[in-house]
Amino acid sequence: MNLLYDPWPWYVAGPLIALTMFVLLSVGKQFGMSSNLRTMCSIGGAGKYSDFFKFDWRAQRWNLVVVVGAVIGGFIASQLMSDNTVKINPEIAQQLSTDYGIESAGEAYLPPELFATENLSDPFVLAILILGGFMVGFGARYAGGCTSGHAISGLSNLQLPSLIAVIGFFIGGLVMIHLLFPLIFS
Amino acid sequence: MKYLSYLTIGIFFGIIMYKSEAASWFRIYEMFQFGSFHMYGIIGSALVIGVIGVQIIKKYKIKAIGGNEMNLHPKQKGITRYLVGGIIFGLGWALAGACPGPMYVLAGAGYFSILIVIASAILGTFVYGFIKDKLPH
């Protein structure tokens, strides 16, 4: 096994995510990625429209630097450390192909059916990306956090609100995949 | 110097997200289909270590570098906002196949369509801030 080039198994990735959280805690910060979206709104002048965006965003600059790092990390990993394919469970790959015509499982990192730049002209694809992103941004702020803030930071601190939020994440995800996908992609 | 350490943490996190495939739409789909242990293993093992570490920090009152308290503030109590907000987030997470961390990682990996998802997520955050006083919390 080539540790640098092959995909990392869960028992490598999970502990490293915990390590990321502890490193941030040890420098007095908190691990959470969705608060950056609010910071970006504030920088863009959203404080004119809602007090929710009137806060000292300069104190959050450190977290935007983490975002810049994540972009660079994605670049490094995709260019130098990966063949950019994801081999999921063959049964799930087969089902994606049969039910939804998504044929690229095992050959790509993201399905080009949804993420290839040339498909952006397709209103259906565009609607999925816009709606998905909107719900992630709206829901994360409504719930006070996302997967990193609640599922990792919050649950590590044994917070009941985070448990409720994570249960919500999974209710939403399961409803989308099992009830709405058959309607959306039919 | 401080910012260089945040940048390094971000790069480290970005590489983990990409290499573990947690940033892949396929893995998110597979997770919600219960097709593999992979994503549950990532979240679960991060959590087990996270819970143990946080309990140790609390028990021995370990301070952050510089002597400040660790940033472990519990969230406000409540149910509605966490459940309803969480469900909306989950719907989007499964549809776009990306949550806020991996979005930035994918932008760096050159998937430019993800910029639409990021822009919409910023818009969603803005709309929440705009109407939050009318929503149940």
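Here is a short chat about a predicted model with chains A and B, and about why some of its parts get the labels they do.

Biologist: What makes Asp51(A) and Lys54(A) a salt bridge?

Modeller: Their closest N and O atoms are 3.0 Å apart. The rule asks for a side-chain nitrogen of Lys or Arg within 4 Å of a carboxyl oxygen of Asp or Glu, so the pair counts.

Biologist: And why is Asp51(A) called exposed?

Modeller: Its relative accessibility is 57%, and exposed means over 50%, so the label fits. Lys54(A) has a relative accessible area of 56%, so that residue is exposed too.

Biologist: How do you know which label suits each partner in the bridge of Lys63(B) with Glu69(B)?

Modeller: Check each one against the cut-offs. Lys63(B) is at 41%, between 20% and 50%, so it counts as partly exposed. Glu69(B) is at 58%, which is over 50%, so it counts as exposed. Their closest N and O atoms are 3.3 Å apart, and the limit is 4 Å, so this pair passes as well.

Biologist: What about Asp133(B) and Lys132(B), why do they count as a salt bridge?

Modeller: The closest N and O atoms are 3.7 Å apart there, and that is still within 4 Å, so the rule accepts them. Asp133(B) is exposed, at 72%, while Lys132(B), at 25%, is partly exposed.

Biologist: What makes Glu21(B), Arg27(B) and Glu30(B) a network?

Modeller: They are joined by salt bridges that share partners. Over all chains, the rule gives five salt bridges.

Biologist: How many of them run across the interface of chain B and chain A?

Modeller: Zero, by this rule. Still, 105 residues of chain B are in contact with 124 residues of chain A. Between them the two chains bury about 10,300 Å², with 77% of it on carbon and sulfur atoms.

Biologist: What makes helix α7 of chain A "mostly covered"?

Modeller: The helix spans residues 147-156, and 10 of its 10 residues are buried. Among them are Thr147(A), His150(A), Ile152(A) and Leu155(A). Buried means under 20% relative accessible area, so each of these residues falls below that cut-off.

Biologist: What covers the buried residues of α7(A)?

Modeller: The cover includes α1 and α8 of chain A, along with α3 and α4 of chain B. After α7(A) comes Leu158(A), with a positive phi near 55 degrees.

Biologist: Why point out a positive phi?

Modeller: Because most residues other than glycine have a negative one. Asn84(A), with phi near 60 degrees, is another case. Asn84(A) sits in the loop between α3 and α4 of chain A, and at 23% it counts as partly exposed. Lys61(B) has a positive phi of about 45 degrees. Its place is in the loop between α3 and α4 of chain B, and at 62% it is exposed.

Biologist: How much space lies in the largest pocket?

Modeller: About 780 Å³. It is lined by 35 residues, and those closest to its centre are Gln30(A), Ser35(A), Arg141(A), Gly144(A) and Lys75(B). Elements that give two or more residues to the lining include α7 of chain A and α4 of chain B.

Biologist: What kinds of residue does that lining divide into?

Modeller: There are 13 nonpolar, 17 polar and five charged. Gly counts as polar and Arg as charged under the grouping used, so that is how Gly144(A) and Arg141(A) are sorted.

How values were computed
Residues numbered from 1 in each chain as written. Chains lettered and ligands numbered in written order. Predicted model: local features only at pLDDT ≥ 70, side-chain atom pairs only at ≥ 80, totals over all residues. Heavy atoms only, no water. Buried < 20%, exposed > 50% of the residue type's maximum accessible area, 1.4 Å probe, protein only. Helix = DSSP H or I, 4+ residues; strand = E, 2+ residues; numbered from the N terminus. Contact = heavy atoms within 4.5 Å. 1 Å grid on protein atoms, 1.4 Å probe; cavity = no way out; pocket = protein on both sides within 12 Å on 5 of 7 lines; lining within 4 Å. Points joined across faces, edges and corners; volume = space filled by probe spheres on them. Buried area = accessible area lost by both parts, 1.4 Å probe.
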